[in-house]
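Dear colleague,

Here is the structure I said I would pass on. My notes on it follow below.

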Amino acid sequence: MTTSVPSFRPGDIRTRAEIYRELGGAGSGGIVPSIPKKTVLLFSDAKSGEKLGYRDGWIRERDADGPIFMYTGAGQIGDQTLTKVNKSVLHHREEGRTLHLFIRHGKIPNTDTKTHRYVGAFELAEDPSFKWRRARDKEGDERDVVVFRLRPTGAYDRIESDDMSLPEETKPLRFWGRGRRSPTPTYSRGRRGRDHAVAQVVPQQTQRLVADLSSQLISRNQQLMDLEVHARGRQEAMEATLYNATENTVYEPTNDTSHREVLEALMKLADISRYLSAPHNGLPLRCMVLTPEEPDGDIRDLLASQGVGLIYRNPDGSFTELPLDAQSPAPPTPPPGPFCADCPQRAA
């Protein structure tokens, strides 16, 4: 059985009943899979989505493979998961389904029947297929939401109002949650550990390196949190791979000790730390490169010249830390204020 192809074209306006007749599905959900038609229908509604912390839309900057539409998964209360209807999006290729995206348009005059504009057929992008973001649910509680990265597979309709808005101010956010549950990056963190969709982003040995360091930090009563930076005029948030809130330190791992790997880690650290240079944002921030073994002297000199510390794993599994004297000492506890999005009150 092949996936169904609609008679309408990108830009056409249809009701759900008309859409369902051609592409299958039923009900009023945002994600509507159809087994007989081999489709998954995605409905985006900016007005109702804002109440749930959803932010759908085109990323303004296209990458080398084309444009990307960010689409928030289903689930109105609590952390979203990659199960149920979200799973139908994640595994649409394996199941031979096509994703069809619709954006709320309006209503049929003098009725309550909603209409939707057909954007086009899509598939999940790669590297990665989705990202996790923090948002508030319908009850106002902080939670994880999955945001799928979609690419059009053919003709598509795009208007200016479909583009995601850019942040008007830079806002670093620290919060409890994913990092405290399990700080390993990408798919193996928290609930993400039950899916391998983006395993190619970070090699398994590097994830283990981060997990081992995290375990050591936790054993020393260090508090690990998630750190995101939403920069003014920049579409996507930057995320620290590993953030130690107790020592206000960001660690960026490498796959090996080659110059190429270390330079890439340095660029990531420079990118995120430059937005954290004001006292009210929680400085002094310490930056360290994490390597799977001791690098040579030239690599150490390179890091020292950039004011970045080094921590590496020894053959016996322990870690050696080489901080820089030039770095400011870390504060004993995370500073209070707007930098912390959801920190519990500490007793004096």
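**Aromatic residues and overall figures**

R16 places its charged end over the ring of F43, at 3.7 Å from the ring centre. Please keep in mind that this is a predicted model.

F43 also belongs to an aromatic cluster, together with F8, Y20, F102 and Y118. Across the structure there are 11 aromatic pairs. One of them is formed by F102 and Y118, whose ring centres lie 5.0 Å apart. The angle between their planes is 35°, and the pair counts as tilted because the planes are neither under 30 degrees nor over 60 degrees apart. This pair connects distant parts of the chain, with the two positions 16 residues apart in numbering. F102 is in strand β6, which covers residues 98-107, while Y118 is in strand β7, residues 114-124. Are these two residues buried or exposed? F102 and Y118 are both buried.

Now for the protein as a whole. It contains 17 strands and 7 helices. Of its 348 residues, 48% are buried. The accessible surface is about 17,300 Å², and carbon and sulfur atoms account for 48% of that area.

As for contacts, consider those in the protein with a separation of 6 or more: 63% of them are between residues 24 or more positions apart.

Regards

Methods:
Residues numbered from 1 in each chain as written. Predicted model: local features only at pLDDT ≥ 70, side-chain atom pairs only at ≥ 80, totals over all residues. Heavy atoms only, no water. Helix = DSSP H or I, 4+ residues; strand = E, 2+ residues; numbered from the N terminus. Buried < 20%, exposed > 50% of the residue type's maximum accessible area, 1.4 Å probe, protein only. Contact = heavy atoms within 4.5 Å. Areas by Shrake-Rupley, 256 points an atom, 1.4 Å probe, with all protein chains shown as cover. Phe/Tyr/Trp six-rings, centres within 6.5 Å; stacked < 30°, edge-to-face > 60°. Lys NZ or Arg CZ within 6 Å of the ring centre and 35° of its normal.
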